[in-house]
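Colleague: Got a minute to walk me through this one? I'd like to start with the core.
Modeller: Sure, pulling it up now.

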Amino acid sequence: MVTVKFEVVIKDFRYEIAKTDTGEVYLVDMGFPIIFWFLWILNYFFPRRCYPISDETARILLTQKKPESVSPSLVGGIGVLFSSFVLHMDDIFSVSWSSSIKVVLLLLIVISVAVWRFYHLARAKKSVIIAGAVINSNTLQLIRFQPVEIKLIALMIAVMGFMIGCLAAAVFLIFQPTVNVVIILAFGIFLLVYVIASSSVLTPKRSFTIHKKKV
């Protein structure tokens, strides 16, 4: 039984690198199909598009410049101050828009997130090609990655359910007669985070077995 562990290619959040215990290295495309952006659990039951790469290419991709980190305490402090500000300025940020306007706004948010995602998917592909990866039908392999620990599936379902629940709650609040515009902004940010997080569902530091399928 061949096992594999993953590392996330941070730049543009499209690919993960899978390293097997037999020395094989694969570039795993986490960008498509689109339904995988929302139903993370499908990653454990259906194959992903994979491409064999060299150790040198993997090293280059994993050492690409990463976004500068921000102190969690700083982010938390800003979040607390911002929440307090919104609570005390509720009347200013609250609006009574019609349902049709809210639908249009939500559609614009979804379209904006999709456009942002597709832009970064295209940019990520260019980056891995420049790094030396060969991505075409000749190198394509379809591989399903099954968690060694079954409890990881339950954990992923719980996390996915929580995030979908938060999005649903935001939509519910948005369609109340009066809504705080911050909730609309929060919906957009949370949707973007949810989509980006789908690129690292094959969790680093966890072990998986591989099951190759015919292309």
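Colleague: Which residues touch the most other members of the largest nonpolar core?
Modeller: F6, V28, Y44, F145, F187, L202 and F208 do, out of 36 residues in that core. Keep in mind that this is a predicted model.

Colleague: And which elements each supply at least two residues of this core?
Modeller: Strands β1, β3 (25-29), β6 and β8 (208-213) do. So do helices α4 (99-130), α5 (151-174) and α6 (181-197).

Colleague: Which one gives the most?
Modeller: That is α5, with eight residues.

Colleague: What does V28 touch, leaving out residues up to four places away in sequence?
Modeller: Its contacts include F6, F145 and L202. V28 also touches R14, Y15, E16, A18, R48, R49 and C50.

Colleague: What other core lies apart from the largest one?
Modeller: Another core, of 15 residues, lies apart from it. Y15, I17, A124 and A133 are among its members.

Colleague: Switching to rings. How many aromatic pairs are there in the whole structure?
Modeller: The search finds eight. One of them is F6 with F145. Those two rings sit edge-to-face, 4.9 Å centre to centre, with 80° between the planes.

Colleague: Why does that pair tie together parts far along the chain, 139 residues apart in sequence?
Modeller: Because F6 lies in strand β1 (residues 3-8), while F145 lies in strand β6 (residues 141-147).

Colleague: Are F6 and F145 buried or exposed?
Modeller: Both F6 and F145 are buried.

Colleague: What about W37 and F38, how are their rings arranged?
Modeller: They form a tilted pair. The centres are 6.2 Å apart and the planes make 50°.

Colleague: Buried or partly exposed, for each of those two?
Modeller: W37 is buried, with a relative accessible area of 3%. F38 is partly exposed, at 34%.

Colleague: Which residues do ring pairs link into a cluster?
Modeller: F32, W37, F38, W40, F118 and Y194.

Colleague: And what lies over the face of W37?
Modeller: R117 does, at 5.7 Å from the ring centre.

Colleague: Now the serines. Where is S198?
Modeller: S198 is in the loop between α6 and β8. It is buried, with 1% relative accessibility.

Colleague: Which backbone oxygen lies by a polar atom of its side chain?
Modeller: The one of V195, at 2.5 Å from the side chain of S198.

Colleague: What else is S198 in contact with, leaving aside neighbours within four places in sequence?
Modeller: W37 and R117, for a start. S198 also contacts M30, F36 and W40.

Colleague: And S199, where does that one lie?
Modeller: S199 lies in the loop between α6 and β8. At 1% relative accessibility, S199 counts as buried.

Colleague: Which backbone oxygen does the side chain of S199 reach?
Modeller: That of I196, at 2.7 Å.

Colleague: What does S199 touch, not counting residues up to four places away in sequence?
Modeller: F13, R14, E16, M30 and R117.

Colleague: Last topic, cysteines. How many disulfides does the count come to?
Modeller: Zero.

Colleague: I might want to look at C50 and C166. Buried or partly exposed?
Modeller: C50 is buried, with a relative accessible area of 0%. C166 is partly exposed, at 27%.

Colleague: Great, that covers my list.

Technical notes. Residues numbered from 1 in each chain as written. Predicted model: local features only at pLDDT ≥ 70, side-chain atom pairs only at ≥ 80, totals over all residues. Heavy atoms only, no water. Phe/Tyr/Trp six-rings, centres within 6.5 Å; stacked < 30°, edge-to-face > 60°. Helix = DSSP H or I, 4+ residues; strand = E, 2+ residues; numbered from the N terminus. Buried < 20%, exposed > 50% of the residue type's maximum accessible area, 1.4 Å probe, protein only. Lys NZ or Arg CZ within 6 Å of the ring centre and 35° of its normal. Core = buried A, V, L, I, M, F, W, Y, C linked by side-chain atoms within 4.5 Å. Contact = heavy atoms within 4.5 Å. Polar contact = N/O pair within 3.5 Å; in protein donor to acceptor, adjacent residues only side chain to side chain. Disulfide = S-S within 2.5 Å.
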